[in-house]
Amino acid sequence: MKAELSAWLITSAEKLRAGVKDELDIKKLLDGLGIRIILESSASRSGALAQDGDGNWLVVVRGQRRNQNLTAVDRFTAAHELGHYLLQKNWAFSPSFTDKKNYYDCEELCNQFASRLLVDHSKIIEFEILSPQMCLGVIRACAERYSVSLEVAARSILETHSGIGVCAFVKNTDGYSRLWGLSSLNGISPRFPKKRLKSKSVQEEVFTWGRNFLEKTGVRLDFATESTEMSLRTKEFSNKVELSAIMIKPPADV
Ligand SMILES: [Zn+2]
């Protein structure tokens, strides 16, 4: 069931972004489907799909905002809710929170759909990534080109390239906190949760993280840290994000 839905959603996303070269106009797309976007201010981000009294579909997008423009994060939330709409309408698939397995499968499917809708994976897959530095450059370029957050850009790169790990951090008064982390060692890993770091340096944290998941293998670990303020999400809210990438390479022939 899940594989079938996943394949169907990927095809749907490709059809919906057909002819769009860079940034997809998500508002226009939803308008065309008769779905209205309602923006609400909230400290944390969330979204919901709903119907009004007349049966018209609405997508509610909550998050931090200074104006009525959609942020990169809002765009992803709206695209994710469109995934729910398509699953509900075409497959009558809208599991409730009590049905945990299906609920989380559904969330994952909608995230995958949103990523494919906003980012052209057929272009991303063509990038040859030869170093962690190159990986960070591609993530940044992808985020800007498709107007998505660094996390969404990183996810699309990891979905199309294996053997990479990416972590994002913010600096606090007393060190660093991890915002998120992803790896593509055996398929894409679940998002690493937010965490306050024990070590003082980002390099140390990424290296420990990399070493932990590589322990059993004899692979070589390359890693890079880059400081960036390019995050679309953080530019808007003036946090400084540091992004790190590591690459996992097979041991060289001796
Ligand atoms: Zn959802």
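## A three-stranded sheet, two helices and three loop residues

Three strands, in the order β1-β3-β2, make up an open sheet with mixed pairing, where strands (E, at least two residues) and helices (H or I, at least four) are DSSP runs numbered from the N terminus, and two strands pair if DSSP finds at least two bridges between them. At the edges of this sheet are β1 (35-41) and β2 (46-51), each of which pairs on one side only. Averaged over the sheet and with direction ignored, neighbouring strands are turned by 20° against each other.

The model is a predicted one, in which local features need pLDDT of at least 70 and side-chain atom pairs count only at pLDDT 80 or more, while totals for chains, interfaces and linings use all residues. Residues are numbered from 1 along each chain as its sequence is written.

### The sheet and its covering helix

Strands of a sheet pair through backbone hydrogen bonds, either parallel or antiparallel. In this model, β1 runs parallel to strand β3 (residues 57-63), to which it is joined by seven bridges; R36 stands opposite L58 in β3, and I38 stands opposite V60 in β3. The pairing of β2 with β3 is antiparallel and extends over six bridges, with L49 opposite V59 in β3. The hairpin of β2 and β3 has five residues between the strands, and G55 in this hairpin takes a positive phi near 85°.

Helix α3 lies across β1, β2 and β3 and runs at about 145° to β3, the angle being taken on a scale from 0 to 180 degrees between N-to-C directions of lines fitted to C-alpha atoms, for helices over the stretch in contact.

### Helices α1 and α6

Helix α1 (residues 2-16) has 15 residues that should span 21 Å at 1.5 Å a residue, and its end C-alpha atoms are indeed 21 Å apart; the expected span is 1.5 Å times one less than the number of residues. L5, L9 and A13 are the buried residues of α1, a residue being buried if 20 or more other C-beta atoms, placed from the backbone, lie within 10 Å of its own, exposed if 12 or fewer do, and partly exposed in between. Seen down the axis of α1, these buried residues fall within an arc of 70°, so they line one face of the helix; the arc is that of the directions from the helix axis to the C-beta atoms. The exposed residues A3, E4, A7, T11 and K15 sit on the face of α1 turned away from its buried side. Among the elements that cover the buried residues of α1 are α3 and α4, with contact defined as C-beta atoms, placed from the backbone, within 7 Å of each other.

Helix α6 (residues 132-146) also has 15 residues, and the 21 Å from its first C-alpha to its last is close to the 21 Å expected at 1.5 Å a residue. Here the buried residues are P132, C135, L136, V138, I139, C142, A143 and Y146. Viewed down the axis of α6, they fall within an arc of 160°, so they line one face of the helix.

### Residues in loops

Most residues other than glycine have a negative phi, and most peptide bonds are trans. Against that background, A92 has a positive phi near 50°, and S147, which comes just after α6, has a positive phi of about 55°. A92 belongs to the loop between α3 (72-91) and α4 (100-118), S147 to the loop between α6 and α7, and G163 to the loop between α7 (150-160) and β4 (164-172). The table gives the surroundings of each.

| Residue | Burial class | Other C-beta atoms within 10 Å |
|---|---|---|
| A92 | exposed | 7 C-beta atoms |
| S147 | buried | 21 C-beta atoms |
| G163 | partly exposed | 15 C-beta atoms |

G163 also takes part in a long-range approach: G163 and I248 are 85 residues apart in sequence, yet their C-alpha atoms are 4.9 Å apart in space.

### The chain as a whole

The protein chain contains nine helices and eight strands, and 35% of its 254 residues count as buried. Among contacts in the protein chain with a separation of 6 or more, residues 24 or more positions apart account for 57%.

Note on methods. Two residues are in contact if their C-beta atoms, placed from the backbone, lie within 7 Å.
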